[in-house]
Amino acid sequence: MIAFLIANMAPIMFVVLVLVLLLGYPVSFSLAFVGLSFAILGIQLGLFQPTFLQALPERVWQVASNETLLAIPFFTFMGLVLERSGMAEELLDTAGKLFGPVRGGVAYAVIFVGALLAATTGVVAASVIAMGLISLPIMLRYGYDRRLASGVIAASGTLAQIIPPSLVLIIMADQLGVPVGDMYKGAVIPGLMLTGLYALYVLAVTLIAPKAAPALPAEARSFGVGADYQPVMHAVALPLMLMIWGMIALFAPGIATGVLSSFVPGAAVTLETFVVSEGWRIVTLLGGFVLIYILHRLLLANLPRPAGRALGLVLFALAAVLALWIVLGFGRALTEGFGVGAYALVSRWAQFGGVIALLGAGMALMRSPSPVVASAMGKIVADLLPPLILIFLVLGTI
């Protein structure tokens, strides 16, 4: 028996660890119990030196005093707060309604919200549990294929491993001895690519087998305030683009001011002249976005229909001019040659987003300016904005 233990100590230790975990004990206590128990057993069998245990306090102190690992308990707590507060459920419900008329809309919503939850929880279990409890009954209720529904939830839950901020990246940064910020920069593009590939897979399934992922019925797409789906979608285009521009301003203020100059010539120079600090330039940009949103909501709620129709036509004209200018800019860039760096890509997409925002705002003001539509738009913004703010706060502090 002793010879068998000595020859198979490692596999026996692994099996015991699995059994202890299956009993429901926390991972940290399970690892500590199994490690110390087998250390004592190894001492009795002559496989382990008792002097090695003297390094245990030093190792514990080294981990406890590591400032990088200090982010892990706070980060995990933040994810639990997000899940228990109901913010994740409201976010998924709103995203499902936004994608409702599209085949596989709830699956797209699961992927989108899964990416946001990944950036706010950083824990795979929390993301998968939240998505499973909230979205799986909805998907099965409306006739989604069980394999597609469970697969989308499981796949989007794993995004927590790679989309920053991530606990795995924090631990890897500590073990590799590199800054956490560098790990985050390296993981952003692969994480977004993975999210895009999941969405492409759902698109392929909806094209091949439309019954596997049907669109939501009209009654399931109500925003709860008596507003029709189409006017709300037109109205929400501008706030969504403002959120995206706000993300650009927070993560890349230099690119954001450059994009602003492409819309308003000389805006970047004016900002740099009157606002010296980069932090205050970001605050100024975000404040401008907030003012635009407030003005848009006030006009949408209070503008009479004739005035709304006139203002909508003006916004349509501006969108047409901007679209023409973007097309001419692409043509000029193709003839002169331009790089595909971050600034060029972000600038082009931001300009294209400006056309969408103007068209959406113009359509909303032209067709149905009303307090009901403004209220529905405000509810969508209120559901989407807190998780985004939470992501920015976490990324900034870490």
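Biologist: Which residues touch the most other members of the largest nonpolar core?

Modeller: In this predicted model, they are Val110, Met139, Tyr144, Val152 and Leu300, out of a core of 57 residues. Another core lies apart from it and has eight residues, including Ile170, Ala173, Met183 and Tyr184.

Biologist: What makes a set of residues a nonpolar core?

Modeller: The members must be buried residues of the nonpolar kinds counted for a core, joined through side-chain atoms within 4.5 Å. Val110 and Leu300 are among the members that touch the most others in the largest core.

Biologist: How many helices and strands does the chain have?

Modeller: There are 18 helices and zero strands. Of the 398 residues in the chain, 40% are buried. Among contacts with a separation of 6 or more, 78% join residues 24 or more positions apart.

Biologist: Why is Ala235 called buried or exposed?

Modeller: The cut-off for buried is under 20% relative accessible area. Ala235 has 0% relative accessibility, so Ala235 counts as buried. Ala235 is part of helix α12, residues 229-251.

Biologist: Which residues does Ala235 touch, not counting those up to four places away in sequence?

Modeller: Ala235 touches His296, Leu300, Gly360, Ala364, Val373 and Met377. One of these, Leu300, also belongs to the largest nonpolar core. As for distance, the C-alpha atoms of Ala235 and Leu359 are 9.5 Å apart, while the two residues are 124 residues apart in sequence.

Biologist: How do you know whether Asp383 is buried or exposed?

Modeller: Its relative accessibility is 8%, and the limit for buried is under 20%. Asp383 therefore counts as buried. Asp383 lies in helix α18, residues 371-397.

Biologist: What is Asp383 in contact with, leaving aside its neighbours within four places in sequence?

Modeller: Asp383 is in contact with Glu90, Leu91 and Thr94. Its C-alpha atom is separated by 9.1 Å from that of Asp93, and the two residues are 290 residues apart along the chain.

Biologist: Is Ile189 buried or exposed, and what makes it so?

Modeller: Exposed means over 50% relative accessible area. Ile189 stands at 53%, so Ile189 counts as exposed. Ile189 is placed in helix α11, and its C-alpha atom is 8.8 Å from that of Ile163, a residue 26 places away in sequence.

Biologist: What describes two packed helices?

Modeller: The angle between their axes and the distance between the axes.

Biologist: How are α10 and α11 oriented to each other, and why?

Modeller: The axes of α10 (residues 167-176) and α11 (residues 180-208) cross at roughly 130° and come within 9 Å. An angle over 145 degrees would count as roughly antiparallel, and 65 to 115 as roughly perpendicular. The angle here fits neither range, and α10 and α11 are therefore oblique to each other. The crossing of α10 and α11 is right-handed. The residues in contact are Leu169, Ile170, Met172 and Ala173 from α10, with Val180, Met183, Tyr184 and Ala187 from α11. By class, the contact has eight nonpolar, no polar and no charged residues.

Biologist: Why are α9 and α11 called parallel or antiparallel?

Modeller: The axes of α9 (residues 146-157) and α11 cross at roughly 170° and come within 11 Å. The cut-off is over 145 degrees, so α9 and α11 are roughly antiparallel to each other. Leu148, Val152, Ala155 and Ser156 of α9 meet Tyr198, Tyr201, Val202 and Val205 of α11. Of the residues in the contact of α9 with α11, seven are nonpolar, one is polar and none is charged.

Biologist: At what angle do α2 and α3 pack?

Modeller: α2 (residues 9-22) and α3 (residues 27-45) pack at about 150°, with their axes 10 Å apart. Their crossing is right-handed. The contact includes Met9, Ile12 and Met13 of α2, and Phe33, Val34 and Phe38 of α3. The contact of α2 with α3 has 14 nonpolar, two polar and no charged residues.

Terms used:
Residues numbered from 1 in each chain as written. Predicted model: local features only at pLDDT ≥ 70, side-chain atom pairs only at ≥ 80, totals over all residues. Heavy atoms only, no water. Buried < 20%, exposed > 50% of the residue type's maximum accessible area, 1.4 Å probe, protein only. Axes fitted to C-alpha atoms, helices over the stretch in contact; angles between N-to-C directions. Helix = DSSP H or I, 4+ residues; strand = E, 2+ residues; numbered from the N terminus. Parallel < 35°, antiparallel > 145°, perpendicular 65-115°, else oblique. Left-handed = near helix turned anticlockwise from the far one by under 90°. Contact = heavy atoms within 4.5 Å. Nonpolar A, V, L, I, M, F, W, Y, C, P; charged D, E, K, R; others polar.
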